[in-house]
Amino acid sequence: RAHAAKCRDCPLWKNATQTVFGEGREGASILLVGEQPGDQEDIAGRPFVGPAGRMLDRALADAGIDRQSTYVTNAVKHFKFDPPLRGKRRIHKKPNEMEIAACRQWLERELRVVDPDVVVVLGASAARAVFGRATAIGKNRGRIIPASQARTFANSDILVTVHPSYLLRVPDEDRDRAYAAFVADLRLLRKYA
Ligand code: URA
């Protein structure tokens with residue numbers, strides 16, 4: 001955490017307020033990986049405390065998982081955004097391949113220290129970080145991939161699912177179904193809880 005706070009290995013530190021490192025139980029059996037901190041996380045210095053975080057907390061609770069018992073982190077630890085138009089909220093920009101690769105060192109160290117039984121990959125940027133290459137979410141979501149098949153740097157089983165902010169963007173008529181599918185994916189974590 002202390003080393004990551006001073007990281008200059010990609011340009012994202014320049015505009016961000018601070019490094020947002022992961023947090024949670026050191027010996028957690030479930031480790032969740034998101035994309036990068038958003039506007040509120042950048043200010044608070046904690047992962048998943050804004051709208052996507054509230055969605056994640058609700059879905060975890062509905063799946064019977066207590067977030068307090070997990071470790072939550074991101075593929076990229078600085079907020080990437082377009083400069084705000086006067087008075088407007090800063091608009092999130094997707095991290096690129098180079099930024100994800102530069103930040104992977106911190107995720108690797110978090111995984112080594114926490115040594116979870118299962119890593120939850122939330123969306124495409126997390127998938128790129130964990131698998132080291134572009135990985136389709138739709139095709140791989142919703143089943144536990146055993147560590148022996150996952151071939152990642154984590155020595156853990158893997159669950160791929162959507163990013164919670166996807167649920168904030170889907171059209172109203174699809175939201176209940178998308179949310180239920182997300183919770184169903186997270187229920188697969190109960191055997192690790
Ligand atoms: N989205 C993420 O991927 N991570 C956060 O911490 C917040 C929003």
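Q: Before we get going, what does "partly exposed" mean here?
A: Partly exposed is the range between buried, under 20% relative accessible area, and exposed, over 50%. R175 fits that class, because its relative accessible area is 28%. Do keep in mind that this is a predicted model.

Q: Sure. Which residue does R175 form a salt bridge with?
A: With D172, where the closest N and O atoms are 3.3 Å apart. Both residues lie in helix α8, which covers residues 172-187, and they are three residues apart, about one turn of the helix.

Q: And D172, buried or exposed?
A: D172 counts as exposed, because its relative accessibility is 60%.

Q: Let's switch. How many salt bridges does the structure hold?
A: There are 13. One of them joins D39 and R90, with 2.8 Å between the closest N and O atoms.

Q: Where do those two sit?
A: D39 is in helix α1 (residues 39-44), while R90 is in the loop between β4 (81-82) and β5 (91-92). The pair links distant parts of the chain, 51 residues apart.

Q: Are they buried or exposed?
A: D39 counts as buried at 17% relative accessibility, and R90 counts as buried at 15%.

Q: What else does R90 form a salt bridge with?
A: D42, and there the closest N and O atoms are 3.0 Å apart. D42 lies in helix α1 and R90 in the loop between β4 and β5, so this pair ties together parts that are 48 residues apart in sequence. D42 is buried, as is R90.

Q: Nice. Last one: which residues are linked in a network of salt bridges?
A: E23, R46, D57 and R67 are linked that way.

Definitions and conventions: Residues are numbered from 1 along each chain as its sequence is written. This is a predicted model: local features need pLDDT of at least 70, side-chain atom pairs count only at pLDDT 80 or more; totals for chains, interfaces and linings use all residues. Side-chain values use heavy atoms; hydrogens and water are left out. A salt bridge is a side-chain nitrogen of Lys or Arg within 4 Å of a carboxyl oxygen of Asp or Glu. Helices (H or I, at least four residues) and strands (E, at least two) are DSSP runs, numbered from the N terminus. Buried means under 20% relative accessible area, exposed over 50%, partly exposed in between (1.4 Å probe, protein chains only).
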